[in-house]
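Visitor: Please take me closely through the lining of the second largest pocket, and then through the chain around that part.

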Amino acid sequence: MTLDVSVLTGLAPQPAPDRLRDPSYVVVEADAADRLAYRRLRDEVFVREQELFAGTDADAVDDDPRAVVLVARSGDGEVLGGVRIHPAPGPDGLPPARDLGWWRGSRLAVAADARLHLGVGAALVRAACARAEAEGALRFDAEIQAQHRRLFERLGWQVRAERLLHGRPHLLVDFPVTRIQRLADATKAPLGGLLTELAAGVPAGFLGDDGSPVPGSDLVAACDAILPAMVERDPEWAGWCSVLVNLNDLAAMGATPVGLLDAVGARDASFARRVLRGLTDAARAWGVPVLGGHTQLGVPGQLAVTALGRTTAPVPGGGGRAGQRLRLTADLGGGWRRGYTGAQWDSTSHRTPEQLRSQAHVVPTLAPTAAKDVSMSGLVGTTGMLAEASGCRAVLDVAAIPTPAAAGTADWLTCFPGFAIVSAEDHPHAGDLPDHLDTAVCGELVPGTGVGLRWPDGTVTDAITHTVTGLGTAS
């Protein structure tokens, strides 16, 4: 009988991990143990090795519950590096009370024996960018030591400024966040190429508007279709929204609604009844009759509605000019529609008929030179369409935009908000608006194209870099 010596003596001692031979690691959100290891690593790098701080590098950000720590963890559980992302602190270094969508990456630290060949730093930076966007960042920046310039530029960051920090040369760098640009490109960018031939029939000055004056009359007509997927998924809500979006189009032009026409497609009568129930409930709530329409069965769910209104002075979406102020008037009540969190804000289904009908008087009360209701391209995209039709660029002051407490800034700027009107004006309105609405000047029209976001530090970042629809100016 033989005896395995290892049973008696234990396993042979294993050499320390060789980072060059075993480069495997994963980047994950830190758990409690990882956070402690990350703090120890920060102390090793920033306090002892680099002597950037005396005693500790801890700050108020470490106590912000919104801060996220990401770590690179080896196969044996060792933390090779880490970084934190968080709402950008104010000038006093304290975390902001309200998250405006301005986030920052900081305290990127990598263990000395993991800095070569493994790409830990680059992996952490990439993960931080992705996580910041997932957290709702519309601006993401960092203050980095100047020697890391090449790494960050290779990863797509742009240098904005140079400064001396902790006695060392640092760079202020920005990562381009493209969430709003992608939304505008997906929803509106193809319109210019598609509608060029049809544009000849649009009344002068109203190119790009959601509604149009009917020549030879005081009528305004608007037409909107609901996404087929939404009709199939939520037929009653689709019916309600088909009325809502069309009456918003009329409201943006200062028109009083007089009637609706509907076109409904459904797989059977039972499904059509659900669509029509939502449409009927909305028509009654707003007090606008359904004058007629068309219903077809045995087809996939489809819904389009045309609304007619009256005004002798329709307000165009392209009536703005450089130097004018931008105003948002919106209903911040309600909440996210179930199943559409971050995409559709329901501000209407809980309102009284009197409140809903009063919204038709908003634009006549404001008396703006240009107005548009916020559509599926979101506030920024819609503002960009108003600016484009006016031959201008828009700059929005993020901190001044009326925003519901329950909505993140990025979601609010890109969602369908229920009822919201963006308008351009020379002078403040003199009349009273409905009590359930919030209104504020939150930007301006300037020479140029696209839309910029102005942040509390005065920096303007590009949200949309070019025209939104390609239709051009309305005049």
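Guide: Helices (H or I, at least four residues) and strands (E, at least two) are DSSP runs that are numbered from the N terminus. What follows concerns a predicted model, in which local features need pLDDT of at least 70 and side-chain atom pairs count only at pLDDT 80 or more, while totals for chains, interfaces and linings use all residues. Residues are numbered from 1 along each chain as its sequence is written, and side-chain values use heavy atoms, with hydrogens and water left out.

The chain has 13 helices and 21 strands, and its C-alpha atoms fill a box of roughly 100 × 65 × 45 Å along the principal axes. Of its 475 residues, 49% count as buried, a class set at under 20% relative accessible area, with exposed set at over 50% and partly exposed in between (1.4 Å probe, protein chains only).

A pocket is an open set of points on a 1 Å grid over the protein atoms alone, where a 1.4 Å probe fits and protein lies on both sides within 12 Å along at least five of seven lines; its lining residues have an atom within 4 Å of a point. The pocket you ask about, the second largest, has a volume of about 1,100 Å³. Its lining is made by 41 residues, and those closest to the centre of this pocket are K188, L191, D210, C223 and D224. Six elements can be followed around the lining in sequence order, each giving two or more residues to it: helix α6 (191-195), strands β8 (211-213) and β9 (219-226), helix α8 (235-252), strand β16 (370-373) and helix α12 (378-389). The largest share among them, six residues, comes from β9. The volume quoted is the space filled by probe spheres set on grid points joined across faces, edges and corners.

By class, the lining of this second largest pocket has 21 nonpolar, 12 polar and eight charged residues, where Asp, Glu, Lys and Arg count as charged, Ala, Val, Leu, Ile, Met, Phe, Trp, Tyr, Cys and Pro as nonpolar, and the others, Gly among them, as polar. Domain 2 (210-315) and domain 3 (316-474) both give residues to the lining, so the second largest pocket lies between them; the domain bounds come from an automatic or database assignment.

Two of the lining elements also serve to place residues elsewhere in the chain. Ahead of α8, in the loop that follows α7 (228-233), comes D234, whose relative accessibility of 14% makes this aspartate count as buried. Ahead of β16, in the loop that follows α11 (362-366), comes A367, an exposed residue with a relative accessible area of 57%. The backbone of A367 has a positive phi of about 50°, although A367 is not a glycine. That deserves a remark, because most residues other than glycine have a negative phi.

A second case of positive phi, of about 55°, is H166, again not a glycine. H166 is placed in the loop between β6 (158-165) and β7 (168-175), and with a relative accessible area of 41% this histidine is partly exposed.

Two pairs show how residues separated along the chain are placed in space. R149 belongs to helix α4 (residues 149-154) and is partly exposed, at a relative accessible area of 34%; the C-alpha atoms of R149 and H170 are separated by 9.2 Å, with their positions 21 residues apart along the chain. P314 lies in the loop that joins β12 (302-310) to β13 (325-330), and it too is partly exposed, with a relative accessible area of 23%. From P314 to L250 the sequence separation is 64 residues, yet their C-alpha atoms are 9.1 Å apart.

The cysteines complete the picture. There are zero disulfides in the structure, a disulfide being a pair of cysteine sulfur atoms within 2.5 Å. For C392 the closest cysteine sulfur is that of C442, at 16 Å, and this is too far for a bond. C392 counts as buried at 6% relative accessibility, and C129 likewise counts as buried, at 7%.
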